[in-house]
Amino acid sequence: GIHLTGKAGSTRLSGCYLDYNRLRMEDPSAVVVEDTFFLHTYATIEKGKRSSIEGLVMRNNIFKPPTPETAPVQVSGGFGRESVGGVRLEGNIN
């Protein structure tokens, strides 16, 4: 899979095919994921050392998770309202 850590910052994933490879984003900051096809996989947003999400945009992606019960975007770790800003999920198809 692909693992983006908070240290990466300013990352753009555009027009990719993530067949069977999960996208893991740890404390995403200035991350754009667009026009990407998630075949038999999904994306996770994970709490890291900073425990924050700043500037995450996920748009125009197509998700085909492994099972109908699998959420296409999952959040783990419990982020507080004050540690989340600039998040946009739009135009995604599941």
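This is a selection-by-selection tour of a predicted model.

**First sheet**

Start by selecting residues 2-4, which are strand 1, and 73-76, which are strand 9. These are the edge strands of an open sheet, and each of them pairs on one side only. Add the strands between them: the sheet has four strands in the order 1-3-6-9, with parallel pairing. From one strand to the next, the twist averages 15°.

Next, zoom in on strand 1 and strand 3, the latter covering residues 23-26. Three bridges hold this parallel pairing. To find the register, label L4 and look across to strand 3, where M25 stands opposite.

**E46 in strand 6**

Stay with this sheet and select E46, which lies in strand 6. Is E46 buried or exposed? Its relative accessible area is 14%, which is under the 20% limit, so E46 counts as buried. Show side chains here: that of E46 makes a polar contact with the side chain of R24 at 3.1 Å. Now display everything around E46, leaving out residues up to four places away in sequence. The residues touched are R22, R24, M25, E26, D27, S76 and F79.

**Second sheet**

Hide the first sheet and select strand 2 and strand 10, the latter at residues 84-90. Both are edge strands, each paired on one side only. They belong to another open sheet of four strands, ordered 2-4-7-10 and paired in parallel. Neighbouring strands in this sheet are turned by 5° against each other on average, direction ignored.

Within this sheet, pick strand 4 and strand 7, which run parallel and are joined by five bridges. One position to label is V32, whose bridge partner in strand 7 is V57.

**The largest nonpolar core**

Which residues of the largest nonpolar core touch the most other members? Select L23, M25, V33, F38, L56 and M58; the core has 15 residues. Colour by element next: strand 3, strand 4 (29-34), strand 6 (43-46) and strand 7 (53-59) each give two or more residues to this core. Strand 7 supplies the largest share, three residues.

Centre the view on L23 and show its contacts, leaving aside neighbours within four places in sequence. The list is I2, L4, L13, L18, V33, F38, Y42, A43 and T44. L4 was labelled earlier as the residue opposite M25.

**Aromatic pairs**

There are two aromatic pairs in the structure. For one of them, select Y17 and F37: the arrangement is edge-to-face, with 6.2 Å from centre to centre and 80° between the planes. This pair links distant parts of the chain, 20 residues apart. Y17 sits in the loop between strand 2 (11-14) and strand 3, whereas F37 is in strand 5 (residues 37-39). Y17 counts as exposed at 63% relative accessibility, and F37 as partly exposed at 25%.

Then select F38 and F63. Their ring centres are 4.4 Å apart and the planes meet at 20°, so this pair is stacked. F38 lies in strand 5 and F63 in strand 8 (residues 62-64), so the pair ties together parts that are 25 residues apart in sequence. Both rings belong to buried residues: F38 has 0% relative accessibility, and F63 has a relative accessible area of 4%.

**Y20 and T41**

Go back to the loop between strand 2 and strand 3 and select Y20. Y20 counts as exposed, at 58% relative accessibility. F37 is 17 residues from Y20 in sequence, and the C-alpha to C-alpha separation is 10 Å. Beyond its neighbours within four places in sequence, Y20 is in contact with L39, H40 and T41.

The last selection is T41, in the loop between strand 5 and strand 6. Is T41 buried or exposed? With a relative accessible area of 3%, T41 is buried. Turn on backbone atoms to see the T41 side chain reach the backbone oxygen of N21 at 3.4 Å. Not counting residues up to four places away in sequence, T41 touches L18, Y20, N21, R22, K64, P65 and P66.

Conventions: Residues numbered from 1 in each chain as written. Predicted model: local features only at pLDDT ≥ 70, side-chain atom pairs only at ≥ 80, totals over all residues. Heavy atoms only, no water. Pairing = 2+ DSSP bridges. Axes fitted to C-alpha atoms, helices over the stretch in contact; angles between N-to-C directions. Core = buried A, V, L, I, M, F, W, Y, C linked by side-chain atoms within 4.5 Å. Buried < 20%, exposed > 50% of the residue type's maximum accessible area, 1.4 Å probe, protein only. Contact = heavy atoms within 4.5 Å. Polar contact = N/O pair within 3.5 Å; in protein donor to acceptor, adjacent residues only side chain to side chain. Phe/Tyr/Trp six-rings, centres within 6.5 Å; stacked < 30°, edge-to-face > 60°.
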